[in-house]
Amino acid sequence: MPEPLTLTPPRESFAFEQAEGPDQAFASAYQKNRLHHAWLLCGPQGLGKASFAFRCARFLMGHDRDPRFGTLGMSPDDADVRLITAGSHPDLLVLEREMGESKLKKNISVDAVREIGEFFSKAPSRSAYRVCIIDSVDDLNINSANALLKILEEPPHKGILFLISHSPGRLLPTIRSRCRRLTFIPWTDQAVEAFLRKRADIDEEGIGRLVRLAHGAPGRALRLMEEGALEMDAFAGKLLEKPLPPRAELMQAAAMFKSSSAKNDGARKFATFMMCLTDRLHERALSTETPQKGQNYSQLWSRFNQAVGEVESVNLDRGDYFWSVYNELATLS
């Protein structure tokens, strides 16, 4: 029987599958006393980069090793490990985007980054190291990125930074050059499927769709399922069948995408819907029986693939955009 589906917060994640490469690289640097002061953890979202950062923090700050959890494994009962899990260890600083009035802010502020300098100005109080995790460094604006660069230029004594990046190519080259880079490789579809089967009680079609949408990132697959992506995917598939559902049946969906509240995040649901729709368009473009149909699907895929960014950048009405999508799908023959 599969375990109940749940997303384990990175600070609580001890088991780390397919982590032999990063584990060995970090352990080797530690054993040779060549521990770099800044580690850039790169790769698509959902591969466990944040979990690895906390894994390294536990290894550096705790005392009771536990080989059950691999090379860097630590006992969950270790006193420092418990403090890290509870978010109350005095030698650990975690920077993430803060919550605004109704949603997460777009960036990590320069003031938050400046706290790192003060944090590292103090000696460790309980552990051998002070550790800072930035999740993610992609969320820095130009001012906060420059503030971080100043910290990287003057490595703190007994201080280690873990910078999580889903798009390292967008970072300042001067930030990248001052870090040791660890790249996390997407899993095979077979590995993601096995990961899901242990945790999700869903049918074969659902497993297959999640594996396809995950693009090799098991955490992404779990997050998509938890957020109702299979329902959005089925809805997208329905809109590619003929005849299309009448507009009257879709009024509720348009209103859902348009709304934005604590109970109904219309922006997230719209993004999930468009992701599922473009994936299905891409699939059909590659499998249609005639070149013309393939071209029609491909053109829509190309146009809709930029939809979420376009809508958010110019603050378009998501409900209205949904109707424009519906109209274009109606022209497919």
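Which helices do the buried residues of α10 pack against? Keep that in mind while we look around this predicted model together.

Helix α10 runs over residues 229-239, and its buried residues are Ala229, Met232, Asp233, Phe235, Ala236, Gly237 and Leu239. Now for the answer: these buried residues pack against α8, α9, α11, α12 and α15.

Let's step back to helix α7, residues 189-199. Here Ala191, Val192, Phe195, Leu196 and Arg199 are buried. They sit on the same side of α7, because they cover an arc of only 135° around the axis. If that spacing looks odd to you, remember that an α-helix has 3.6 residues a turn, so residues three or four places apart point the same way. The cover over the buried residues of α7 includes α8 and α9.

Next, the inside. The largest nonpolar core has 80 residues, and those touching the most other members are Phe26, Leu60, Phe162, Phe273, Leu277 and Leu329. Helix α2, residues 49-61, gives this core its largest share, nine residues. Another core, of 27 residues, lies apart from it; Leu95, Ile134, Ala145 and Ala147 are among its members. Beyond its close sequence neighbours, Leu329 is in contact with residues including Leu239, Leu277, Leu300 and Phe304.

Last, the cysteines. How many disulfides does the structure hold? Zero. Take Cys56: the closest cysteine sulfur, in Cys42, is 14 Å from its own, too far for a bond. Cys132 is in no disulfide either, with the nearest cysteine sulfur, that of Cys179, 12 Å away. Cys56 is buried, at a relative accessible area of 0%, and Cys132 counts as buried at 0% relative accessibility.

Terms used
Residues are numbered from 1 along each chain as its sequence is written. This is a predicted model: local features need pLDDT of at least 70, side-chain atom pairs count only at pLDDT 80 or more; totals for chains, interfaces and linings use all residues. Side-chain values use heavy atoms; hydrogens and water are left out. Buried means under 20% relative accessible area, exposed over 50%, partly exposed in between (1.4 Å probe, protein chains only). Helices (H or I, at least four residues) and strands (E, at least two) are DSSP runs, numbered from the N terminus. The arc is that of the directions from the helix axis to the C-beta atoms. Contact means heavy atoms within 4.5 Å. A nonpolar core is a set of buried Ala, Val, Leu, Ile, Met, Phe, Trp, Tyr and Cys residues joined through side-chain atoms within 4.5 Å. A disulfide is a pair of cysteine sulfur atoms within 2.5 Å.
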